[in-house]
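Student: I have a model open and would like to learn how to read it. Where should I begin?

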Protein chains: 2
Amino acid sequence: MKNYKITIQYDGTRYKGWQVQKSTDMTIQGKIQDVLSAMTGQEIEVIGSGRTDAGVHAFGQVANFHIPEHFSQDEVLEYLNHYLPMDIAVLDIEEVEERFHARYHAVSKTYVYRIHTSTIPNVFERKYMYTYTEPLDVSKMREAANRMLGTHDFMAFCSNKKMKKSTVRTVTAIDIQEKENEIRISYTGDGFLQNMIRIMTGTLIEVGNGAKKVEDISQILESKVRENAGYTVPAEGLLLKCVNYE
Amino acid sequence: MKNYKITIQYDGTRYKGWQVQKSTDMTIQGKIQDVLSAMTGQEIEVIGSGRTDAGVHAFGQVANFHIPEHFSQDEVLEYLNHYLPMDIAVLDIEEVEERFHARYHAVSKTYVYRIHTSTIPNVFERKYMYTYTEPLDVSKMREAANRMLGTHDFMAFCSNKKMKKSTVRTVTAIDIQEKENEIRISYTGDGFLQNMIRIMTGTLIEVGNGAKKVEDISQILESKVRENAGYTVPAEGLLLKCVNYE
């Protein structure tokens, strides 16, 4: 068997997220597995670097799978892009060593959240942004973001209240860029809990609009109570930009 | 009455083009007229700089309309962007002199045609490009484009065989840019016939793939026969970029 690593781009609008739940669901993982299974005539499991929620997009999701030796890289790439729906594309494929695992070996991930700040709609990118038109104090948002950096228990920023595993994560960078009619926040960390980036973004928006103070961030983290953090912004503004490996 | 000039952006995917045909049709002009009529309580006619076909997009279409004095610029802009569907946006509004007419006073227009040249789909911009993956000789396409420049009878590049008015037009610039996985052709001229840019683009593609020669262009123009020109590329790749006034 060969182990292939692929880089995947998708418009998440139509999908119930990355991970297969029922075989009939519209999921990215499911679509890719279906094509590979049809190609090889056997069931193929595609291992993603992690889940993305329903409606979340990816610029560079990474996954791996094992298939019989005789399928070449080019053949697999061509087959996938030919048979996958137009809103899923495989950008790149490479053969990796047998033990490579897209989830276990991921060192960090970068996500981008796009906030459209104008009352004039962005016609061409409307499906990839969340529109929020109240004034936001971006310098306060940057200060608040700085207080989220580092290693913390992010329980207050996790939507899964029954989370049994550790909720400690390390966020290494949060960069907030102001563009014309847009605020773009990128987050890099070793891993993110369920809805964590969407709750962090909602919290930063609440600091930006004055509902919360910069100083509240440390208390929210310490409290470990979801209700103390901000709201969960919609999935459409979120994009998994890249997954980094050593 | 006040005369307002507006700049409009739209994703043409869902629409039957700019111009109202039947009142029940999905058209851009119809959608804008409906909103303005609801706002003013009277029938408002919106005059576009020209038609765009079904499926064609606009980055900067221009139109004008007359409405009662007491509606302010800001009010109209806000009302339009609030009630128009998310795939139509009014970017700008300005009061112009009574006689200004979006069609008669347009001096030139620039259209852009985007050709996606990779077998790897572009997930996020797939609705705004035409995918053509055979090799194209771009330098030959540039030479052919140069032979289309100037004032000619473009009858051979017009899909309307019953065209009664003059088919003489002046094309002042055709610029072909090569990008990663994309060829982008922009056309500027004083006006374009029905499907003219899509037929010019199909003809340039046929020069690029070797089906036609650079030298054929003059003969095609002189023949004035539609069948001598290339095929009509799909609407989805075409965008009205801007309309220029003096």
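Student: Which residues of H3(A) are exposed on the other side of the helix?

Tutor: The model is predicted, and what follows should be taken in that light. In H3(A), A:Ser139 and A:Asn146 are exposed. Facing away from them, the buried residues of this helix, which spans residues 138-148, are A:Met141, A:Ala144, A:Ala145 and A:Met148.

Student: Why do the buried residues lie on the same side of H3(A)?

Tutor: The general idea comes from helix geometry. An α-helix has 3.6 residues a turn, so residues three or four places apart point the same way. Now the case here: A:Met141, A:Ala144, A:Ala145 and A:Met148 are the buried residues. They cover an arc of only 105 degrees around the axis, which means that they sit on the same side of H3(A).

Student: What covers the buried residues of H3(A)?

Tutor: The cover includes strand E8 (168-179), helix H4 (196-208) and helix H5 (216-223), which belong to chain A as well. Look also at the residue that follows: just after H3(A), A:Gly150 adopts a positive phi of about 100 degrees.

Student: Next, the strands. How many bridges join E1 to E3 in chain A, and do the two run parallel or antiparallel?

Tutor: To read a strand pair, take the direction, then the bridges, then a partner. E1 (residues 2-10) and E3 (residues 57-67) of chain A are antiparallel, with 8 bridges between them. As an example of a partner, A:Lys5 is matched with A:Asn64 in E3(A).

Student: Which residue of E3(A) is the bridge partner of A:Ile47?

Tutor: That partner is A:Asn64, the residue that also serves as bridge partner of A:Lys5. A:Ile47 lies in E2 (residues 47-48) of chain A, and 2 bridges join this strand to E3(A) in antiparallel fashion. E3(A) has a parallel pairing too, with E10 (residues 238-245) of chain A, through 2 bridges. There, A:His57 stands opposite A:Leu239 of E10(A).

Student: How is chain A divided into domains?

Tutor: Domain 1 covers 2-96 and domain 2 covers 107-245. Their C-alpha centres are 27 Å apart. To read the contact, count residues on each side: domain 1 of chain A contributes 13 residues and domain 2 of chain A contributes 11 residues. The domain 1 side comprises 5 nonpolar, 7 polar and 1 charged.

Student: How many residues of chain A are in contact with chain B?

Tutor: 17 residues of chain A touch 17 residues of chain B. At least two residues on the chain A side come from each of E1, helix H2 (73-83) and strand E4 (88-96). E4(A) gives the most, with 3 residues. Sorted by class, the chain A side holds 10 nonpolar, 3 polar and 4 charged residues.

Student: What radius of gyration does chain A have, and what would a compact globule have?

Tutor: The idea is to set the chain beside a reference with the same number of residues. For 246 residues, a compact globule would have a radius of gyration near 18 Å, and chain A has 19 Å, which agrees. Along the principal axes, the C-alpha atoms of chain A fill a box of roughly 60 × 40 × 30 Å.

Student: What does the secondary structure of chain A come to, and what percentage of its residues count as buried?

Tutor: Chain A has 5 helices and 10 strands. Of its 246 residues, 39% count as buried. Among contacts in chain A with a separation of 6 or more, 72% are between residues 24 or more positions apart.

Notes
Residues are numbered from 1 along each chain as its sequence is written. Chains are lettered from A and ligands numbered from 1 in the order in which they are written. This is a predicted model: local features need pLDDT of at least 70, side-chain atom pairs count only at pLDDT 80 or more; totals for chains, interfaces and linings use all residues. Two strands pair if DSSP finds at least two bridges between them. Helices (H or I, at least four residues) and strands (E, at least two) are DSSP runs, numbered from the N terminus. Domain bounds come from an automatic or database domain assignment. Two residues are in contact if their C-beta atoms, placed from the backbone, lie within 7 Å. Ala, Val, Leu, Ile, Met, Phe, Trp, Tyr, Cys and Pro count as nonpolar, Asp, Glu, Lys and Arg as charged, and the others, Gly among them, as polar. A residue is buried if 20 or more other C-beta atoms lie within 10 Å of its own, exposed if 12 or fewer, and partly exposed in between; C-beta atoms are placed from the backbone. The arc is that of the directions from the helix axis to the C-beta atoms. The radius of gyration is taken over C-alpha atoms; the globule rule is 2.2 Å times the number of residues to the power 0.38.
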